[in-house]
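The following paragraphs offer a guided reading of a protein model. The reader is invited to keep the sequence and the three-dimensional view at hand.

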Amino acid sequence: MQFALHWFAPETVGHWFALGAVLLATLAVGICVHELLHVAPLSFTDAEYTVSVLPDTDADSTSPIGWGVLPNALTGGLVRVEVTDVPTETPDWVLRVAALLPVLLALPLVLVAAGVLPDPVAADDHLGTVALVALTGCGLPSPADWAVVWHGSDLADD
């Protein structure tokens with residue numbers, strides 16, 4: 001019983017709050033960077049795309065404040081990149097690189113594993129561990145990213 005009460009001690013609650021804040025901040029930044037990394041290779045082509053920050057997907061919303069933005073932001077829609085036109089002369093490899101480029105967000109974990117960066121787990125740095133895991137998670141390709149990797153420009157024909 002003593003162990004369970006330790007989790008709710010005032011100094012522990014502050015630590016958990018800090019961990020949650022680092023997690024949310026890292027996820028917010030990581031999601032935005034993930035989406036913007038898709039745009040980097042496309043900016044060198046004639047592809048047309050739009051980048052929306054906090055897009056409101058609730059078109060029927062009558063609220064002047066735009067409360068439809070909040071649920072979408074909480075489900076990962078902080079930044080939306082929509083590719084509207086890909087010229088036929090754009091090589092498939094450019095589209096595939098654009099789909100996989102967010103994997104670079106896992107680079108800090110690779111550098112920790114290689115011993116180039118200090119290991120936050122070994123140093124008992126909880127904040128660093130949470131940030132490292134959250135950033136690595138943001139680099140995971142989505143199912144839509146994998147679809148572009150496997151099918152490339154064939155998706156534009158549909």
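Is Cys 32 buried, partly exposed or exposed? With a relative accessible area of 22%, Cys 32 is partly exposed, since the buried class is reserved for values under 20%. The model under discussion is a predicted one, and this cysteine is taken up again below, after the overall architecture.

The protein chain contains eight helices and two strands. Followed along the sequence, these elements appear in the order α-α-β-α-β-α-α-α-α-α. Of the 158 residues in the chain, 26% are buried. The exposed surface of the protein chain amounts to about 10300 Å², and carbon and sulfur atoms supply 70% of that area. Among contacts in the chain with a separation of 6 or more, 74% are made by residues 24 or more positions apart.

Helix 6 is a useful place to begin a closer inspection. This helix covers residues 126-138, and its 13 residues should span 18 Å at 1.5 Å a residue. The C-alpha atoms at its ends are 18 Å apart, so the expected and the modelled spans agree. The approach to helix 6 passes through Asp 124, which belongs to the loop between helix 5 (107-113) and helix 6. Although Asp 124 is not a glycine, its phi is positive, at about 60 degrees. Asp 124 is also exposed, because its relative accessible area of 56% is over 50%. At the start of the helix itself, a side-chain oxygen of Asp 125 comes to within 3.4 Å of the backbone nitrogen of Leu 127.

Which residues of helix 6 are buried? They are Leu 132, Ala 134, Thr 136 and Cys 138. Thr 136 has a relative accessibility of 17% and therefore counts as buried. The side chain of Thr 136 reaches the backbone oxygen of Leu 132 at 2.8 Å. An α-helix has 3.6 residues a turn, so residues three or four places apart point the same way. Beyond its neighbours within four places in sequence, Thr 136 is in contact with Leu 105, Ala 106 and Leu 109.

Ala 131 also lies in helix 6. Its relative accessibility of 24% places Ala 131 in the partly exposed class. When residues up to four places away in sequence are set aside, Ala 131 touches Val 22 and Thr 26. The second of these partners is remote in sequence: Ala 131 and Thr 26 are 105 residues apart along the chain, yet their C-alpha atoms are 5.9 Å apart in space.

The cysteines may now be considered together. The whole structure holds zero disulfides. Cys 32 takes part in none, and the nearest cysteine sulfur to it, that of Cys 138, is 9.2 Å away. That separation excludes a disulfide because the two sulfur atoms would have to lie within 2.5 Å. The two residues also fall in separate accessibility classes: Cys 138 is buried, with a relative accessible area of 8%, whereas Cys 32 is partly exposed at 22%.

Helix 2, comprising residues 10-42, includes His 38. A relative accessibility of 9% means that His 38 counts as buried. What does the side chain of His 38 contact through polar atoms? The partner is the side chain of Asp 145, and the polar contact has a distance of 3.2 Å. Not counting residues up to four places away in sequence, His 38 touches Ala 98, Ala 99 and Pro 102 as well as Asp 145.

Helix 7 (residues 143-151) carries Trp 146 and Trp 150. Because these tryptophans are four residues apart, they are separated by about one helical turn. The structure holds one aromatic pair. Its members are Trp 146 and Trp 150, whose ring centres are 6.1 Å apart and whose planes stand at 20 degrees, so the pair is stacked. An angle under 30 degrees is what the stacked class requires. The two tryptophans are not equally accessible: Trp 146 is partly exposed, with a relative accessible area of 35%, while Trp 150 is exposed at 62%.

Terms used. Residues numbered from 1 in each chain as written. Predicted model: local features only at pLDDT ≥ 70, side-chain atom pairs only at ≥ 80, totals over all residues. Heavy atoms only, no water. Buried < 20%, exposed > 50% of the residue type's maximum accessible area, 1.4 Å probe, protein only. Contact = heavy atoms within 4.5 Å. Areas by Shrake-Rupley, 256 points an atom, 1.4 Å probe, with all protein chains shown as cover. Expected span 1.5 Å × (residues − 1). Polar contact = N/O pair within 3.5 Å; in protein donor to acceptor, adjacent residues only side chain to side chain. Phe/Tyr/Trp six-rings, centres within 6.5 Å; stacked < 30°, edge-to-face > 60°.
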